[in-house]
Structure formats: C-alpha cells, structure tokens
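Colleague: I'd like a close look at the inside of this one, please. Pick a buried spot and walk me outwards from there, in plain bench language.

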Amino acid sequence: MSVRDSEGWPQLEYPCEWGYRVIAGQEAHIRLAVQQAFAGHPVKVGELRRSSGGRWCSMSVDTTVENDEQRLTFFEKLRNGAGIRLVL
C-alpha cells in the first residue's frame, strides 16, 4: 500500500534520491543542460545511450533532492535546456 496525499500523488520522504532521464539530439546538449541545471549540486550521470538510428541520445541523471521545490526546479531547468527534447 502506498501513501498518497489528498490529490492522489505519492508522498515522498525528503531528502531522497531522484532520477531524471534526459533525451536530446546530441550528447553535448544533455551535458550542458545538466551542468546548467545542477550548477555544482552533486549528480551521478549514467552511460550515454543512442537510438538505433543515431537520431536521439539519452542519459540518466541521479541526485539527492531536499524537497518538492528543488526536485521540480531541477526538472524545469533540464526541460528548458537548449536542444533537450524530453525529460522523464
């Protein structure tokens, strides 16, 4: 059984580990977006993966977040990075 808030979202206990998957057309776009979004905050960057046709690449980024605001701020900064197609 999961614990949910009044709006049906899972409740997270902070600080917690959180992961993002960043998808772009070029590796350089991902690396720049991660550098700008986290600005010195410690992250663990996973192995680069490329689509079979080579059109897309993705990378996982894991970090510790202190609260909802920080988690969502990182997400928005990644999403707004130049050349970023999708953040999960």
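**Inside the fold**

Modeller: Let's start at Cys57, which counts as buried because its relative accessibility is 2%, and the cut-off for buried is under 20%. Keep in mind that this is a predicted model. Cys16 is buried as well, with a relative accessible area of 14%. You may be wondering about bonds between cysteines: a disulfide is a covalent bond between the sulfur atoms of two cysteines. Going by sulfur atoms within 2.5 Å, the count here is zero disulfides.

Each of these cysteines leads on to other residues. Cys57 is among the residues that Val22 touches, and so are Ile30, Ser58, Met59, Val61, Leu78, Ile84 and Leu86, if you skip anything up to four places away in sequence. Val22 is also one of the residues with the most contacts inside the largest nonpolar core, a group of 17 residues. Tyr20, Ile30, Val34, Phe38, Leu78 and Ile84 are on that list too. At least two core residues come from each of strand 1 (16-24), helix 1 (27-38), strand 4 (57-65), helix 2 (68-79) and strand 5 (84-87). Helix 1 is the top contributor, with five.

For the wider layout, the chain has two helices and five strands, which run β-α-β-β-β-α-β along the sequence. Of the 88 residues, 27% count as buried. Of the contacts with a separation of 6 or more, 65% are between residues 24 or more positions apart.

Now for the two helices. Their axes come within 9 Å and cross at roughly 145 degrees, and the crossing is right-handed. On the helix 1 side the contact uses Ala33, Val34, Ala37 and Phe38, while helix 2 brings Phe74, Lys77 and Leu78. Val34, Phe38 and Leu78 were on the list of core residues with the most contacts, and here they are again in the helix-helix contact.

Cys16 takes us to Thr63, in strand 4. Thr63 has a relative accessible area of 2%, so this residue is buried. Beyond four places in sequence, the contacts of Thr63 are Cys16, Glu17, Trp18, Tyr20, Phe38, His41, Pro42, Val43 and Phe74. With His41 there is also a polar contact between the side chains, at 3.1 Å. Phe38 and Phe74, from the helix pair, both touch Thr63.

Going outwards from Cys57, try Glu27, in helix 1. Glu27 is in contact with Cys57, and also with Leu48, Arg50 and Met59, leaving out sequence neighbours within four places. Its relative accessible area is 25%, so Glu27 counts as partly exposed. Leu88 lies 61 residues along the chain from Glu27, and their C-alpha atoms are 16 Å apart.

Last stop is Asp68, in helix 2. Asp68 is partly exposed because its relative accessibility is 39%. Past its neighbours within four places, Asp68 is in contact with Leu12 and Tyr14. Pro15 is 53 residues away from Asp68 in sequence, with 9.6 Å between their C-alpha atoms.

So, to sum up the walk, we went from Cys57, buried at 2%, through the core that Val22 belongs to, and out to partly exposed Glu27 and Asp68.

Terms used
Residues are numbered from 1 along each chain as its sequence is written. This is a predicted model: local features need pLDDT of at least 70, side-chain atom pairs count only at pLDDT 80 or more; totals for chains, interfaces and linings use all residues. Side-chain values use heavy atoms; hydrogens and water are left out. A nonpolar core is a set of buried Ala, Val, Leu, Ile, Met, Phe, Trp, Tyr and Cys residues joined through side-chain atoms within 4.5 Å. Buried means under 20% relative accessible area, exposed over 50%, partly exposed in between (1.4 Å probe, protein chains only). Helices (H or I, at least four residues) and strands (E, at least two) are DSSP runs, numbered from the N terminus. Contact means heavy atoms within 4.5 Å. A polar contact is a pair of N or O atoms within 3.5 Å; within protein, one must be able to donate a hydrogen and the other to accept it, and residues adjacent in sequence count only if both atoms are side-chain atoms. Axes are lines fitted to C-alpha atoms, for helices over the stretch in contact, and angles run from 0 to 180 degrees between N-to-C directions. A crossing is left-handed if the near helix is turned anticlockwise from the far one by less than a right angle, and right-handed if clockwise.
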